[in-house]
Amino acid sequence: MSVLEIRDLHAKPTTDDVEILKGVDLVIRSGEIHAMMGPNGSGKSTLAYVIAGHPHYEVTQGDILLDGESILEMEPDERARIGIFLAFQYPVAVPGVSVANFLRTAVSNLRGYTRQEKDNGDGVIGSHLMPMRAFRKLLNEKMKEFNVDPSFARRYLNEGFSGGEKKRTEVLQMAMLEPKFAILDESDSGLDIDALKIVAEGINKLATPDRGFLIITHYQRILNYVKPHYVHIFYDGRIVRTGGPELAHELEEKGYQWVEQELATAATA
Ligand SMILES: Nc1ncnc2c1ncn2[C@@H]1O[C@H](COP(=O)(O)OP(=O)(O)O)[C@@H](O)[C@H]1O
Ligand SMILES: [Mg+2]
């Protein structure tokens with residue numbers, strides 16, 4: 001059982017003095033699925049990046065803790081190693097790197113093979129990657145479990161991938177890395193229904209009692225396929241409301257203007 005806790009988090013871009021996150025409080029426990037909904041530009045992606053430790057952002061106040069320990073001083077790869085996974089909103093294509101190679105590097109890094117090479121120094125060529133045989137076995141298992149065509153592994157990462165194929169890679173990556181907390185920043189506007197179903201199916205399979213999810217989304221469509229325990233409304237750099245799945249439907253019905261109006265009314269009351 002793990003807890004990811006975000007306490008009064010304030011953050012800004014390193015290149016700019018404009019605060020984007022203005023005091024975010026959030027606790028995610030293993031086994032919980034949290035949905036974060038909010039209008040474009042409200043800072044949802046920034047929150048995801050800051051949790052993952054993206055160097056373009058600077059935390060100016062507050063803290064992020066995993067099981068009570070601050071992760072703010074950790075580099076992104078260290079955060080990944082302790083179990084924080086971020087699926088990017090816009091995955092980049094990497095020509096020349098196959099899905100299998102990419103996954104082998106990622107899994108090896110996470111399981112400490114890369115560090116081993118650094119520690120040992122010379123004469124251990126090759127030991128920085130998980131042994132091919134073991135890796136293949138793991139990959140085949142996961143591809144089978146998540147209905148990924150075996151030919152997929154040889155293709156170049158995200159190059160010419162459809163929305164659905166990108167999502168399949170994302171799910172496969174998550175399945176291989178087995179994070180404690182997975183953050184998915186969904187550009188669901190660009191996803192067709194098949195791609196949406198692929199992510200949803202993946203999340204539902206991976207949503208075990210030892211894993212927590214933060215699903216960031218603009219629309220509630222994906223929530224037709226994944227049932228969150230909590231829904232948060234994100235607005236202007238902070239969480240302004242928290243509720244159950246019904247909150248997503250209310251939002252879908254009334255639109256984000258409803259939140260704005262409520263906030264304006266509360267401010268003048
Ligand atoms: N690196 C950055 N430098 C400057 N402004 C940024 C940077 N990243 C995000 N912003 C600004 O912060 C606001 C929130 O952006 P973002 O987190 O992408 O919102 P969302 O994901 O909710 O659409 C936007 O106004 C955006 O332009
Ligand atoms: Mg975004």
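Helix α1, spanning residues 44-52, gives the most to the shell around ligand 1, with 3 residues. Keep in mind as you look around that this is a predicted model. The protein is divided into domain 1 (3-90 + 179-197 + 205-268) and domain 2 (94-157), and a nonpolar core lies between them, so both domains have a share in it.

**Around ligand 1**

- In total, 13 residues surround ligand 1.
- The closest of these are P13, S42, K44, S45 and T46.
- Sorted by class, the shell holds 9 polar residues, 2 nonpolar ones and 2 charged ones.

**Two domains and the core between them**

- Domain 1 is made of three stretches of chain, 3-90, 179-197 and 205-268, while domain 2 is the stretch 94-157.
- Taken over C-alpha atoms, the centres of domain 1 and domain 2 are 29 Å apart.
- The largest nonpolar core counts 64 residues, and the members that touch the most others are M37, V50, F85, I183, V199 and I215.
- Helix α7 (residues 193-206) supplies the largest share of this core, namely 6 residues.
- Why does this core lie between domain 1 and domain 2? Both domains give residues to the core, so it lies between them.
- If you would like to start from V199, its contacts include K167, V171 and I222, leaving aside residues up to four places away in sequence.

**The open sheet**

- Four strands, in the order β2-β1-β4-β5, form an open sheet with antiparallel pairing.
- At the edges sit β2 (21-29) and β5 (69-70), each of which pairs on one side only.
- Strand β1 (residues 3-13) pairs with β2 in the antiparallel sense, over 7 bridges.
- To see a single cross-strand pair, look at H10, which stands opposite K22 in β2.
- As general background, strands of a sheet pair through backbone hydrogen bonds, in either a parallel or an antiparallel way.

**A closer look at T169**

- T169 belongs to helix α6, which covers residues 163-177.
- Is T169 buried or exposed? T169 counts as buried, because it has 21 C-beta neighbours inside 10 Å and the cut-off for a buried residue is 20 or more.
- Setting aside residues up to four places away in sequence, T169 touches V99, N158 and F161.
- T169 and A153 are 16 residues apart along the chain, and their C-alpha atoms are separated by 9.2 Å.

Note on methods
Residues are numbered from 1 along each chain as its sequence is written. Chains are lettered from A and ligands numbered from 1 in the order in which they are written. This is a predicted model: local features need pLDDT of at least 70, side-chain atom pairs count only at pLDDT 80 or more; totals for chains, interfaces and linings use all residues. Domain bounds come from an automatic or database domain assignment. A residue is near a molecule or strand if its C-beta atom, placed from the backbone, lies within 6 Å of it. Helices (H or I, at least four residues) and strands (E, at least two) are DSSP runs, numbered from the N terminus. Ala, Val, Leu, Ile, Met, Phe, Trp, Tyr, Cys and Pro count as nonpolar, Asp, Glu, Lys and Arg as charged, and the others, Gly among them, as polar. A nonpolar core is a set of buried Ala, Val, Leu, Ile, Met, Phe, Trp, Tyr and Cys residues joined through C-beta atoms within 7 Å. A residue is buried if 20 or more other C-beta atoms lie within 10 Å of its own, exposed if 12 or fewer, and partly exposed in between; C-beta atoms are placed from the backbone. Two residues are in contact if their C-beta atoms, placed from the backbone, lie within 7 Å. Two strands pair if DSSP finds at least two bridges between them.
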